[in-house]
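Please look over the chain shown here. The report deals with its fold, its charges and its aromatic rings.

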Amino acid sequence: MTLALSMLLAAALTQAPQIDEALLENFTWRSVGPAGAGGRVVDVEVVGEFPFHIFVATASGGLWRSTNGGVTWEPIFDDQDVVSIGAIAVNPSNPDVLWVGTGEANPRNSVSWGNGVYKSNDGGKSWVNVGLENTHHIGRIAVDPRNPDTVYVAALGHIWAANDERGLYKTTDGGASWEKSLFIDGDTGVIDVAMDPRDSATLYAAAYEVRRDGFSGGDPETMTGDGSAIYKTNDGGRNWRKLSEGLPESEKGRIGIAVSRSDPATVYAIVQTLTTVPARRDPEDPPPPEKDKTLEDGGVFRSTDRGESWEWMSSTNPRPFYYSQIRVDPSDPDRVYVLGSRLSVSENGGKDFERMDIKVHVDHHDLWINPDNSDHLVLGNDGGIYFSFDRGDSWDFLNQIAIGQFYAIDVDMQKPYFIYGGVQDYCSWGGPSATRNSIGIAGSDWHKLMTGDGFQVRIDPNDPTILYAEAQYGRIVRHDRKTGQNTSIAPAAPEGEEDYRFNWETPLHISYHDSATIYAGGNHLFRSRDRGNRWDVVSPELTTATRSRADYRGGESHMVASMSAFAESPLDPAILYAGTDDGHVHVTSDGAASWTEVTDRVPDMPGRRWVSRLVASRFERRRVYVAFDGHRNDDFAPHLFVSNDLGQSWTSIASNLPVDGPVRVIREDVENPRLLFVGTEFGAFVSFDSGESWTKLMNGMPTVAVADLVVHPRDHDLIAGTHGRSAYVMDIGPLQQMTDEVLTKDLHVFELENAVAFRYHVHSDDQFLGEKRFIADNPAFGATITYYVGTPPEDEEAEAKIVIANSMGERIRELEAPASAGLHRVQWDLRHAPPPQDEDEGRGFGGAFLGPLVRPGSYRVTVDLPGRTVSTILEVEPDPELQLDEADQRQRTDTVTRLIPLQREAFEASERTEKIKDELEALVESVSKDEEEDELGLDELSESTRALAHRTERTKSLVNRLYRVVENSPFAPTATQMRQLDELEARVAEDRASVTELTDRTLPELEERLDDNGIGRVRVPSKE
């Protein structure tokens, strides 16, 4: 492998300097949360007896499993090509056999797609994609309990275009092959399928005609049609017929189906029609008069004859395109739940519903009801997972998993810095990148900043207590961290003018040149010079997209688009860029006095595409990057470009990015102009050559949509906001130093970031709260030493050494390190070598002994390979939380300096006397009583040696105890500790004399007597 990597690097240097993914394996993402920020749960399955095996499918955060009733969770789908899940199913006769349908089937604006059906035969340890790759969104999977190799898959298909892979699929051979059992047309998929629990050949399928566009906000553009209907088969899908008696005659939309377990003749459907959702209207127009609801308005329908006829029960059907989920109590066919923004329940078969008063997040997508105990519920919603054991009267929130769906992130300049961002349907949040808590970053370390769907958060660089955050459609607030209060500062059109239009995620920016100046993007660009108190319109209308809907303004054509991206040049405040969701890019170089559209100058674009990102370079005044996301046009290719002339001409830098991964974000490094990062729908990538080639950057991060990336301007960290797994951090300091020259060297040591010799806080309030909580790792403590080996030693067994020396050249630590080709990272804990200790040291209270922390100052770090060495300097900074004067620091250092040799001597004395004691006891056992009584005196010597061994062991323990209490405190030793040190030095001196007497006089005399009697000698351990 070493030779192969060396050859790869050599080849890379003779062509484009593309970096192989294996070279970056030691650069790892670190999850930091938050977990309390929810994340949409779309399906729940529970199998087995308590402790229940629980499987939870998320919209964009993968599949999770708990085997202990929800105390802890593990992700079991992270290594697959996608992590957006639409449905899961478990083989009822063998719970190790799992089926996953990828691609969330809720056709919302931020939905992610999948690549077919996966199967596991070992409980999720391994997976195989078994086909249907182009179905994209799967709503339900049903497994035949009589023949588990027979499985049905409800596929919604592409939701931004016609797609012949829509429909209901069936396999009878465990996924080896599939047949399309039910197909309506290219615009109509199947969103739900339900099986009769007593007759698996009888199934009900819900067909759904749906289409999204790029501008329709939360609801699909088309969500009803003639294709939507309920179908039934009695022969396992060979023949289907449409059910209609008692159902609405008008166009229908999304439909959910549930069959009663206790009475399979009872079937429920929740049906959307054209009039279920009120028609959109101009807010200036008065609402139409209310009218009584009828079955043509949709709602809950019930059949008591297996779907042959239906009775309209009520109009209950909240936001049907997003929910349409109905559940029946397994033991009571009249108790029905309808999921929606709130959870509602009916005790009379759906006639009357009551909203359940529950203290959980809104937007419910799945409810599992224990078939053996219907008081036991598992609820999945936009906030995560909840348990109830009393039929919904009370709930437990299982917030141990970080599945937040970030849209955007930002960072501040605190130490350690905080990360901020907005997540889908669960507010805007802020939390630390690291803590002084030894257990890590807890869920409680994160806090909310704003309610609603969270999006962009911006922090005033001169006053970190002032933040700006925005929720959906331009709801911008200024947040005061000192008081925790918000002030609404959203731009608003004057009376009589057309309302401003804002995107689902509104571009928001604090000027690099004046922190009182902020920008917001709508259908115009808005600028405020006074932190949002007053706004000016500084651009013309930037969009051109219009739409005409029969249910809106009488079919009048109206504008629908808005800004989706904005950039200000860090080098010139007069240069601004604006991008829109209908594919326009505009630039101004005179501070917004005039604008030029440069969209048509972008080459080889298949049409107008949503502008997902604009980034103005911090290195070249006229350079700008643009990313287009075409998935809303059923175009999944990456469109990524750079311009070096203010957008007058563009060059593609999509290069070798995956052809099916739209780009959500591009980010330029803050130090290295050739270093670029992108976040795509399926992960992060890095380029070391200005975008000529890209390398996957996903160690430690699952396959997840990377919605935003930020390079911290001070701390050399890359921060990722993922849309499904919350936030991640990676130390990229060495990557910022990677150049072609570095890759030509035999050995290179990267510059080291300053390290802080701090101590974690002694106690934390949540140290002993068990495992039912979220804890993220802090960064590795100390200094991360990174070096590159271009040519490894000829001896494959050779190792590298890392030697740390202080400013006087004294060697204080030596670490072992690999010498193979590649990039290596070794952690130094900023400590001297640990003192000698027993093998079982650390099993008791206090843990193993560590070497003392080094004092602040300069240290030379040398990487030593056979035949070559390279050094660099590390600066160790003092702990900013500690205020110690020089005298106290010196006294502490002097005390530790006295303790280290004392501890070593006490340890050696104890080791030697213990071994001599064992030798003498063995000798006593081997010598006859007569010989012993005659002249050897072994009993008396053995007893005195046993007493000395006990004393030296006690001395070692006392020295160790004093070392621990002095070393574990950053403060000067107390007077008591100094007195104990004096006493221990005297005690060690006495032990030294006793051991010397034993080894230099007593034992040699014994040896003479043993020689005279022809008896083997005692082996005296050496001091080494």
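What follows runs from the whole chain down to single residue pairs.

**Overall picture**

The model is predicted. The chain holds seven helices and 68 strands. Its C-alpha trace spans about 115 × 75 × 55 Å along the principal axes. Of the 1024 residues, 59% are buried. The chain exposes about 41900 Å², and carbon and sulfur atoms supply 46% of that area. Now take the contacts between residues at least 6 apart in sequence: 56% of them join residues at least 24 apart.

**Charges and salt bridges**

The chain carries 101 positive and 167 negative charges. The mean positions of these two sets are 3 Å apart. How many salt bridges does the count come to? It comes to 58. Three of the pairs are listed here, with the distance between their closest N and O atoms.

| Basic residue | Acidic residue | Closest N and O atoms |
|---|---|---|
| R327 | D366 | 2.6 Å |
| K482 | D480 | 3.5 Å |
| R825 | D731 | 2.7 Å |

Start with R327 and D366, which form a salt bridge with the closest N and O atoms 2.6 Å apart. R327 lies in strand β22 (residues 325–328) and D366 in strand β26 (residues 364–369), so this salt bridge ties together parts that are 39 residues apart in sequence. Are the two partners buried or exposed? R327 counts as buried because its relative accessibility is 12%, and the cut-off for buried is under 20%. D366 is buried too, at 3% relative accessibility.

K482 has a salt bridge with D480. Here the closest N and O atoms are 3.5 Å apart. K482 counts as exposed, since its relative accessibility is 59%, and exposed means over 50%.

R825 forms a salt bridge with D731, at 2.7 Å between the closest N and O atoms. This pair links distant parts of the chain. R825 sits in strand β66 (residues 822–828). D731 sits in strand β59 (residues 727–731). The two residues are 94 apart. D731 is partly exposed, with a relative accessible area of 23%.

Salt bridges also join up into a network. Which residues are linked in it? They are E914, K917, D918, E921, E943 and R946.

**Aromatic pairs**

A search of the whole structure finds 24 aromatic pairs. In one of them, the rings of F321 and Y322 have their centres 5.7 Å apart and their planes at 25°. The pair therefore counts as stacked, as planes under 30 degrees apart do. F321 is buried, with a relative accessible area of 1%. Y322 is buried as well, at 0% relative accessibility.

The rings of Y500 and F526 are also paired, with centres 4.6 Å apart. Their planes are at 55°, so this pair is tilted. The angle falls between the stacked limit of 30 degrees and the edge-to-face limit of 60. The pair links distant parts of the chain, with Y500 and F526 26 residues apart. Y500 is in the loop between β38 (485–488) and β39 (508–510). F526 is in strand β41 (residues 525–528). Both residues, Y500 and F526, are buried.

Which rings are linked into a cluster? Ring pairs join Y407, F455, Y473 and W504.

Definitions and conventions. Residues numbered from 1 in each chain as written. Predicted model: local features only at pLDDT ≥ 70, side-chain atom pairs only at ≥ 80, totals over all residues. Heavy atoms only, no water. Salt bridge = Lys/Arg side-chain N within 4 Å of Asp/Glu carboxyl O. Helix = DSSP H or I, 4+ residues; strand = E, 2+ residues; numbered from the N terminus. Buried < 20%, exposed > 50% of the residue type's maximum accessible area, 1.4 Å probe, protein only. Contact = heavy atoms within 4.5 Å. Areas by Shrake-Rupley, 256 points an atom, 1.4 Å probe, with all protein chains shown as cover. Lys, Arg positive; Asp, Glu negative; His and termini not counted. Charge placed at Lys NZ, Arg CZ, Asp CG, Glu CD. Phe/Tyr/Trp six-rings, centres within 6.5 Å; stacked < 30°, edge-to-face > 60°.
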